[in-house]
Every structure is written in structure tokens, then in C-alpha cells.
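Welcome to a short tour of a protein and the ligand it holds. Have the sequence and the 3D view open side by side, and let us start where the ligand sits.

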Amino acid sequence: MIDLFEKCYKPGIADDAKARGIYPYFHALESKQDVTVIMEGKRRIMLGSNNYLGLTTNENVIRAGVEAYEAFGSGCSGSRFLNGTLKLHLELEKELAAFLRKDEVVTFSTGFQSNLGIISALVGLRDYVIMDRENHASLYDGCRLSYGTMLRYRHSDMQDLEKKLQKVPEGAGCLIVTDGVFSMGGDIANLPEICRLAKQYGARVMVDDAHGLGVIGEGGRGTASYYGLEDQVDVYMGTFSKSLASLGGYMAASSRVADYVRHNSRPFIFSASIPPANCAAALTALRELEQHPELVAKLQENALYLRRRLEENEIKMRPSNGDIVPIIPIYTYEPIETLTIAKELYDAGVYVNSSLPPAAAPHECLLRTSLMATHTHALIDEAVGIMKDVLRRHDL
Ligand SMILES: Cc1ncc(COP(=O)(O)O)c(C=O)c1O
């Protein structure tokens with residue numbers, strides 16, 4: 001027998017980054033999640049948050065959380081299935097289903113868990129699930145947890161998707177799964193073609209709209225709405241941890257599918273429900289989104305503005321089919337260079353996320369910048385000025 005822990009002692013890229021003083025992870029926030037934050041004692045412009053609408057600092061959202069804490073206590077102690085259903089969960093599910101124009105919503109404890117719970121419940125032993133290669137890790141893990149067969153197609157390559165559909169045997173069911181807005185690249189899935197192929201081959205379609213809700217589509221309704229394909233996407237998945245400023249996740253689908261998942265999804269049945277304060281915060285954030293569609297418009301305007309400012313400064317972005325998407329990846333190519341640049345930006349007062357393999361292709365590492373509706377042009381200009389200086393030093 002070998003020592004199970006042997007792998008823990010082998011030096012890896014994290015050790016290398018620590019030794020070089022460019023380790024990018026676990027920087028602690030010492031303030032609210034806002035457009036500027038205090039991190040490790042210093043002001044940083046936040047260009048790396050998924051708090052797209054800036055609602056984590058919204059007074060109504062915070063008040064709703066505090067009031068729910070006082071009214072319902074600090075936790076639920078059990079699953080939605082048994083003793084963990086609050087009136088608040090039902091309200092949130094009803095209002096979100098109406099907003100998304102689907103029959104029903106089922107909430108899960110996190111977005112990650114939603115993907116585990118939806119895919120493992122729907123994709124059975126003889127079924128197939130076909131995934132875009134750049135799908136989020138939680139979708140991959142959902143496939144691993146299911147008993148079905150997973151096939152992957154090259155990122156947004158519709159010919160490859162069709163080839164994979166042709167491999168599905170006659171008697172098998174099939175779910176095509178894609179991010180709506182890709183979490184790292186910020187590009188938008190080709191839903192018109194995915195839905196067309198699904199119809200042609202008899203497959204069902206699931207869209208992970210973690211980065212689509214509150215970001216694109218009519219009033220922030222997400223990717224299916226963006227394309228006018230709400231009736232052709234069978235299952236939406238989303239999360240409350242990004243635009244809706246809380247924690248938790250959901251599935252929106254037809255009543256029969258929702259009911260099936262509620263009775264067959266182990267990550268739903270055997271895990272405690274969203275705590276009261278988070279549930280109330282998500283519900284209030286949803287209401288803010290409904291009442292203030294201008295937040296979505298401002299977010300998109302900010303995305304266009306940052307893209308334009310980066311272009312003017314000849315900073316190389318990864319091409320995208322979604323100019324209005326507030327996720328803008330900047331090429332930094334090699335891993336060590338990427339971490340070095342991220343650290344220099346951090347020291348100069350800009351926080352961005354580094355995207356390294358396996359999240360990025362080798363030699364195509366990126367800095368993932370992301371915007372909020374509450375960023376001002378002045379703040380974006382300040383950040384671009386800092387980025388320009390740092391990237392020039394690295395001949396980028
Ligand atoms: C595309 C996508 N799906 C699912 C998740 C998981 O959501 P959560 O962090 O709310 O668990 C994320 C989070 O990063 C994501 O980007």
C-alpha cells in the first residue's frame with residue numbers, strides 16, 4: 001500500500017506561487033462587498049465580484065435578511081422535504097417562477113448543489129447527458145453523480161454537438177446542458193442552434209444561468225429570454241449567490257419535472273434548506289430586480305464602457321459574442337505571468353480573478369474581470385489606468 005497522503009506532500013503550483021509571493025487566493029474582505037472594498041487593510045477596486053447588480057449592499061435586501069433572522073431564527077436544521085420548508089421558501093419559489101415564466105421553481109441550498117441535484121435526478125442509468133466543454137465544474141460533478149453517460153462537445157461547436165447527438169442510442173433519453181453565459185469566457189451559448197438540434201433529435205435542454213440571471217434578457221430574465229426561446233429551454237438552473245446577492249440555487253421547469261426532482265433528488269432531499277436570512281435576502285433582491293430593470297441596463301452599459309476603454313488602451317480581451325456581458329477576460333497567457341500581473345494589480349489597488357488551467361487553456365491564461373451595475377465610469381477609468389500601467393510593464 002502507498003501512503004494516501006503522498007499527493008499532499010508533492011509540490012504544486014500553489015507552493016510555487018506562495019514561494020514567489022504571488023499566491024492569489026483567500027484574500028480576506030474586511031468590508032461589505034461593494035464596488036470598492038477593504039481587503040487586507042487596503043482599498044481595492046472590486047473588478048472580480050459576481051455581485052452583478054450591486055444588491056449585496058442594498059438597504060432593503062439587508063433589512064429583509066435581518067428581519068427574517070429575527071422572525072425565523074438562524075437556521076432551518078433540516079431539508080425542504082421534511083422539516084426545513086419555510087413560508088419564505090414557497091414565496092421565493094412562486095415569485096421566481098412567475099418572473100421566469102416557468103410553472104415551478106425548486107430551491108436548493110447552493111447553486112453547485114442545484115446542478116448536482118437536477119442532473120443526478122433527471123439523467124438515469126440508460127440516459128445520456130451532452131455537455132459543452134467549458135461548462136461549470138458543478139455541471140460536470142452533476143454528471144458524475146448521475147448514472148448516465150456523459151459526452152462532451154467542443155466549446156460552442158454546434159457541429160460537434162450534432163455528432164454527439166448522433167451517438168445517443170434510439171432507446172435512451174438525452175439532456176443537453178450548457179452554461180447560458182459562460183462563467184469564465186463571458187460568451188453566450190448558441191441557444192437557437194442548441195434548441196433546434198434538441199428538437200430535431202428529441203433531446204431536452206438545460207441552461208445554467210448562474211451568470212445570465214439579472215445580466216441579460218428582458219429585465220434580466222436570462223439567456224433564454226435574450227434569444228426569445230423561453231418556451232424551448234426545458235430546465236433553467238440558477239443561483240442566488242450572484243445577481244441576487246444571497247446564497248442558494250434553483251431549478252425552474254414544468255410542474256411535472258419540478259415535482260419529479262422534488263421527490264427524486266438526493267442533494268435536495270438529504271440536505272438542509274436555505275437559511276431564513278438568505279432566503280429573505282434572495283426574495284427581496286428578486287423584487288429589486290423586478291422593480292429596477294434599469295440596474296440591468298446600467299450593468300450592460302458598464303460592460304460596453306469597460307470593453308471600449310480596454311480597446312482604446314490596446315488591452316487584449318478574449319473575443320466574445322456578448323458585448324453587454326459584464327465578464328471580460330483579459331489575456332495574460334502564461335500561469336506565472338498571470339499570477340504576477342494579478343498580484344501587481346492587487347498591490348496597485350485593483351482586485352481581479354486569475355483564470356489558470358484547467359479553467360483556461362494552457363498558454364491562454366486570463367484575468368477575469370467582472371463588473372457591477374453600481375460601478376461608476378470614474379471608477380472604471382481608474383481601474384483601466386492601473387491595468388494599462390501594469391500590463392505595459394509586461395509588454396501586454
Ligand atoms: C456557471 C455556474 N454554475 C453554478 C455555480 C455554483 O453556484 P454557487 O456558487 O451559488 O453554488 C457557479 C458559481 O460559480 C457558476 O459560475
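The ligand is surrounded by 15 residues, and the closest of them are F112, D208, H211, T239 and S241. Please keep in mind as you look around that this is a predicted model.

**Around the ligand**

Where in the protein should you look for the ligand? You will find the ligand in the largest pocket. Sorted by class, the residues of the shell around the ligand are three nonpolar, nine polar and three charged.

Which elements each supply at least two residues of that shell? They are helix α5, which covers residues 111-122, and strand β8, which covers 235-239. With three residues, α5 gives the most to the shell around the ligand.

Several polar side-chain atoms can be picked out beside nitrogen or oxygen atoms of the ligand. They are worth displaying one by one, with the distances below as a guide.

| Residue (polar side-chain atom) | Ligand atom | Distance |
|---|---|---|
| D208 | nitrogen | 2.6 Å |
| T239 | oxygen | 2.6 Å |
| H136 | oxygen | 3.4 Å |

How much of the ligand's surface does the protein bury? On its own, the ligand exposes 390 Å², and 84% of that is buried by the protein. Two residues in the table, D208 and T239, also belong to the closest residues around the ligand.

**A small open sheet**

Now turn to a sheet built from three strands. The sheet is open, its strands run in the order β1-β2-β11, and the pairing is mixed. β1 (36-39) and β11 (350-351) are the edge strands and have a single partner each, so one side of each strand lacks a neighbour in the sheet.

In which sense do β2 and β11 pair? Strand β2, made of residues 42-46, pairs with β11 in the parallel sense, over two bridges. To find this pairing on screen, look for M46, which stands opposite Y351 in β11.

**Two backbone details**

Two spots in the backbone deserve a closer look. Between P357 and P358 the peptide bond is cis, and its omega is near 10 degrees. P358 lies in the loop that runs between β12 (353-355) and β13 (365-370).

The other spot is Y333, which has a positive phi of about 70 degrees although Y333 is not a glycine. You can locate Y333 in strand β10, which spans residues 327-333.

Conventions:
Residues numbered from 1 in each chain as written. Predicted model: local features only at pLDDT ≥ 70, side-chain atom pairs only at ≥ 80, totals over all residues. Heavy atoms only, no water. Near = heavy atom within 4 Å. Polar contact = N/O pair within 3.5 Å; in protein donor to acceptor, adjacent residues only side chain to side chain. Areas by Shrake-Rupley, 256 points an atom, 1.4 Å probe, with all protein chains shown as cover. 1 Å grid on protein atoms, 1.4 Å probe; cavity = no way out; pocket = protein on both sides within 12 Å on 5 of 7 lines; lining within 4 Å. Sits in = over half its atoms within 2 Å of the grid points. Helix = DSSP H or I, 4+ residues; strand = E, 2+ residues; numbered from the N terminus. Nonpolar A, V, L, I, M, F, W, Y, C, P; charged D, E, K, R; others polar. Pairing = 2+ DSSP bridges.
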